[in-house]
Amino acid sequence: HEAVVAGVMAGAFNGAVLLTDGADAVEPRVAAEVDRLLGTTLQGEVTFVGGSDALPESLLDSFRDRYSVRRIAGDDHFATAGLAAGEVESHSQMRTAVVIGTSGVLDALPMVAVAAANDWPIVFTEPDRLSAASRAFLAEHDIDQVHIAGPDSAVSQEVADEIADLSDITVERHHAGDRYETSVVVAERFFALPSAYAVAVGTHWSDAVIGAAYAGERRHAPMLLTDGEELADPVVDYVERTRTPDAAGLIIGGTGVVDRSVARQLRDALR
């Protein structure tokens, strides 16, 4: 959940999102990438998203000699997302938000790219109850439109109605038969003429979250999902219908999670 929040913040603030396993120090290649991105000046800023149970204070200390370091963390996933959403909204002044069910992150992955592309804040909800932190954010920041991606089992209709009743918020749900078809529904709604098509595995969150900021913000590309072995028919059909001569295909993740056959399918659909 913190990685989803970090991905959207990276899109809004033109930053990069990097992952770590929560040890006392980041992996050497991650540390090297931070140094490459920020150089050696103290003007660089590293933001850690998540509490000390996931990111120990010693991890932050290892960067303090070189950069400005801060942590965004609340008492739980909802509060952390609310704090980050407040920063995104203050920066973008956008009155549209994305609400994701804590149990439905995989279904909502395509909306993460949309949020990153549009500088929309993201907050979380339980399936049958809107958290106090998310409710407060939506009400206090005068949000007037909310997008939900995924089935009722992740964000119930009762929660959607509760959101709508806060202050006449318009709620729009994007969902289809499965998450692969849902990724097409989201793409059709927000990316009519993409300049690129990003494909990530829909059974794990990490690659899609990392790719979302780049795909949405930098490439104006929808995040299309695959099971890792093939592209679903609706995905292929969408690419064939909307492709342009200069459109590019982006595979997010290595061959261990997205088979080479998926890249071949995407390449063929773009021809």
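A pocket is an open set of grid points with protein on both sides within 12 Å along at least five of seven lines, whereas a cavity is a set of points where a 1.4 Å probe fits but cannot get out. The model considered here is a predicted one, and its largest pocket has a volume of about 920 Å³. A total of 31 residues line this pocket, and those nearest its centre are Ala6, Ala16, Val17, Leu18 and Thr47. Helix α1, helix α2 (28-38) and strand β1 each contribute at least two residues to the lining of the largest pocket. By class, that lining comprises 21 nonpolar, six polar and four charged residues.

The second largest pocket encloses about 200 Å³ of space. Its lining consists of Ala10, Gly11, Asn14, Gly15, Ala16, Val17, Ile210, Ala213, Tyr214, Glu217 and Arg218. Two elements, α1 and α9 (206-219), give two or more residues to this lining. Helix α9 provides the largest share, with five residues. The lining of the second largest pocket divides into six nonpolar, three polar and two charged residues. Ala16 and Val17 are named in this lining, and they also stand among the residues nearest the centre of the largest pocket.

From the pockets the description passes to enclosed space. The structure has one cavity of 30 Å³ or more, and the largest cavity holds about 30 Å³. The residues around the largest cavity are Val5, Val8, Met9, Ala81, Ala84, Ala85, Val88 and Ile122. Here α1 (2-12) and α4 (77-92) are the elements that supply two or more lining residues. Helix α4 gives the most, with four residues. The lining of this cavity has eight nonpolar residues, and neither polar nor charged residues occur in it.

Helix α5 may be followed next. This helix covers residues 105-118, 14 residues in total, and extends 19 Å from its first C-alpha to its last, which is close to the 20 Å expected at 1.5 Å a residue. At Met111, α5 bends by about 35°. The helix is mostly covered, with 11 of its 14 residues buried. Among the buried residues of α5 are Val105, Asp107, Leu109 and Pro110, together with Met111, the site of the bend.

Beyond the end of α5 comes Asp119. Most residues other than glycine have a negative phi. Asp119, although not a glycine, has a positive phi of about 60°. Asp119 belongs to the loop between α5 and β4 (122-125). Its relative accessible area is 18%, and because buried means under 20%, Asp119 counts as buried.

A positive phi is also found at Asp142, where the angle is about 55° and the residue is again not a glycine. Asp142 is placed in the loop between α6 (132-140) and β5 (145-149). Its relative accessibility is 52%, so Asp142 counts as exposed, the cut-off for that class being over 50%.

The aromatic residues complete the account. A pair of aromatic rings is described by the distance of the centres and the angle of the planes. Three aromatic pairs are found in the whole structure. One of them joins Phe48 and Phe63, whose ring centres are 5.8 Å apart and whose planes stand at 55°, so this pair is tilted. Phe48 is part of strand β1 (residues 45-49), and Phe63 lies in the loop between α3 (57-61) and β2 (68-72), so the pair ties together parts that are 15 residues apart in sequence. Both Phe48 and Phe63 are buried.

Another pair is formed by Trp120 and Phe190. The centres of these two rings also lie 5.8 Å apart, but the planes are at 75°, so the pair is edge-to-face. Trp120 sits in the loop between α5 and β4, while Phe190 is in helix α8 (residues 179-190); the pair therefore ties together parts that are 70 residues apart in sequence. Trp120 is buried, with a relative accessible area of 8%, and Phe190 also counts as buried, at 16% relative accessibility. The loop between α5 and β4 thus holds both Asp119 and Trp120.

Notes. Residues numbered from 1 in each chain as written. Predicted model: local features only at pLDDT ≥ 70, side-chain atom pairs only at ≥ 80, totals over all residues. Heavy atoms only, no water. Expected span 1.5 Å × (residues − 1). Bend = angle between axes of the 7 residues up to and from the residue. Buried < 20%, exposed > 50% of the residue type's maximum accessible area, 1.4 Å probe, protein only. 1 Å grid on protein atoms, 1.4 Å probe; cavity = no way out; pocket = protein on both sides within 12 Å on 5 of 7 lines; lining within 4 Å. Points joined across faces, edges and corners; volume = space filled by probe spheres on them. Nonpolar A, V, L, I, M, F, W, Y, C, P; charged D, E, K, R; others polar. Phe/Tyr/Trp six-rings, centres within 6.5 Å; stacked < 30°, edge-to-face > 60°.
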